[in-house]
Amino acid sequence: MVRVGVPEVVPAEWLNFFPGEAEIVRLAPVPEAGTQIDFWIPPLFPKEVAAMYPQLVGVKVVQALWAGVDALLAMLPPDLILCDAQGAHDIATSEWVVAAILGSLKYFPLYSEVQRSGEWRGRWKADGAYQAMQGLQQVSYPPVQVEELFGKTVMIVGYGSIGRAIEARLAPFGVEFMRVARRAREGIEPVSHLRELLPAADVVVLIVPQTAETKAMIGAEELRLMKQGSLLVNAARGPVVVTDALLESLKAGRIRAAIDVTDPEPLPDGHPLWSAPNLLITPHVAGSSPRFLERPMRLAAEQVQRYIKGEPLKNVAAEGY
């Protein structure tokens, strides 16, 4: 019988997802040393993983609960089979991306401040606040006018499962798409062409994994190549974007940005990003959902079934996107 280790906080009813041939072992944060586990579903946070893994023996497969497994790749030995949760967080993350794009184009952060001011300032009177907060092209006219998503060109960098979900949700808005991935295939440009493609995009969405290749993917030169007033959306990892270069572009009014991840992260008190103009920040919540653990646990149960039957596992982690 395959011994499957799950965090003890997993609700008991979710254990019914797993096949009867599996022996489920609920693991305390620090299990007893020498606990035998064949198929391990680790906890969410790296510190918890670091405390639990040394106590386990016999682990052959690790099924992560997140799509991004860069932290686990750095912590676990290379002979283990590591699978990510690709597909389990598509809905929540893609919805966040759509909300971030629409909120930015409609200037919701600005008008939230206008609301708190207690003064009725429509677009014909909001230009002062706009200039002070947004920093885009310091002109007295025209004042702030919310934008349409319709007709814009959206570049999705990291065209995988979540990238496809983002496209599906944006398609009804009448946008054009540019798709970028590690390797070229039909309808998808290789990342080596990124600099050539950036000037044509109105919105650039980053949804790549964190790898040696994607670290600092968006730096000063890439930001310079982006269209004046275009929008950068980072739902990937903070180090994919060079923070100092992003700050400079925001302050200069070159671009706008909506980011769910930062470098450093968590973003410390007093960091310049907190007060940067043209920027919407959320604290790494794009994947959050009432079902954000249930979906990957269902995937994990499916993977256990595959393992028992000797079938190929899904989402075996490897660099690329």
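Which residue follows α9, and what is the sign of its phi? Hello everyone, let's start right there. The residue after α9 is G253, and its phi is positive, near 75 degrees. Before I go on, please keep in mind that this is a predicted model.

Let's stay with α9 for a moment. This helix covers residues 243–251, and its buried residues are T243, A245, L246, L247, S249 and L250. What do those buried residues pack against? Their partners are α8, at 220–225, together with the strands β12 (230–234), β13 (255–259) and β14 (279–281).

Let me pick out one residue there, S249, which sits in helix α9. S249 has a relative accessible area of 10%, and the cut-off for buried is under 20%, so S249 counts as buried. If we set aside the neighbours within four places in sequence, S249 is in contact with L223, R254 and I255.

Now to the sheets. Three of the strands I just named, β12, β13 and β14, belong to an open sheet of 7 strands. Reading across, the order is β10-β9-β8-β11-β12-β13-β14, and the pairing is parallel. Which strands are at the edges? They are β10, residues 189–190, and β14, and each of them pairs on one side only. At the β10 end, strand β9, residues 176–181, runs parallel to β10 and is joined to it by 2 bridges. If you want a spot to click on, V180 has E189 in β10 as its bridge partner.

There is also an open sheet of 5 strands, again with parallel pairing, in the order β2-β1-β4-β6-β7. Here β2 (22–27) and β7 (81–83) stand at the edges; each has a single partner strand, so one side of each is left without a neighbour in the sheet.

Let's walk through that sheet. Strand β1 takes in residues 2–7, and 5 of its 6 residues are buried, so the strand is mostly covered. With β2, strand β1 pairs in the parallel sense over 6 bridges. With β4, residues 39–40, the strands also run parallel, joined by 2 bridges. V4 is a handy residue to look at: its bridge partner in β2 is I24, and in β4 it stands opposite F39. Over at the β7 edge, strand β6, residues 61–63, pairs with β7 in the parallel sense over 3 bridges. There, Q63 has C83 of β7 as its bridge partner.

Next, a pair of helices. How do α3 and α6 meet? The axes of α3, residues 90–105, and α6 come within 9 Å and cross at roughly 50 degrees. The two helices are therefore oblique to each other, and α3 passes α6 in a right-handed crossing. On the α3 side, the contact is made by D90, I91, T93, S94, E95, V97, V98 and I101. On the α6 side, it is made by S161, I162, A165, I166, R169 and L170. By class, that contact has 8 nonpolar, 3 polar and 3 charged residues. Helix α3 also connects us back to the sheet of 7 strands: it lies across β11 (203–206), β12, β13 and β14, running at about 150 degrees to β12.

One of those α6 residues deserves a closer look. I162 is found in helix α6, residues 161–170. Is I162 buried or exposed? At 14% relative accessibility, I162 counts as buried. Beyond its neighbours within four places in sequence, I162 is in contact with D90, T93 and I207. I162 and A88 are 74 residues apart in sequence, and their C-alpha atoms are 9.2 Å apart in space.

Last stop, a loop residue. K152 is found in the loop between α5 (127–134) and β8 (153–157). For those of you who work with lysines, here is one that is buried, with a relative accessible area of 16%. Which residues does K152 touch? Not counting residues up to four places away in sequence, K152 touches L105, E147, V175, E176 and D202.

That's my tour, and thanks for listening!

Key
Residues are numbered from 1 along each chain as its sequence is written. This is a predicted model: local features need pLDDT of at least 70, side-chain atom pairs count only at pLDDT 80 or more; totals for chains, interfaces and linings use all residues. Side-chain values use heavy atoms; hydrogens and water are left out. Buried means under 20% relative accessible area, exposed over 50%, partly exposed in between (1.4 Å probe, protein chains only). Helices (H or I, at least four residues) and strands (E, at least two) are DSSP runs, numbered from the N terminus. Contact means heavy atoms within 4.5 Å. Two strands pair if DSSP finds at least two bridges between them. Axes are lines fitted to C-alpha atoms, for helices over the stretch in contact, and angles run from 0 to 180 degrees between N-to-C directions. Angles under 35 degrees count as roughly parallel, over 145 as roughly antiparallel, 65 to 115 as roughly perpendicular and the rest as oblique. A crossing is left-handed if the near helix is turned anticlockwise from the far one by less than a right angle, and right-handed if clockwise. Ala, Val, Leu, Ile, Met, Phe, Trp, Tyr, Cys and Pro count as nonpolar, Asp, Glu, Lys and Arg as charged, and the others, Gly among them, as polar.
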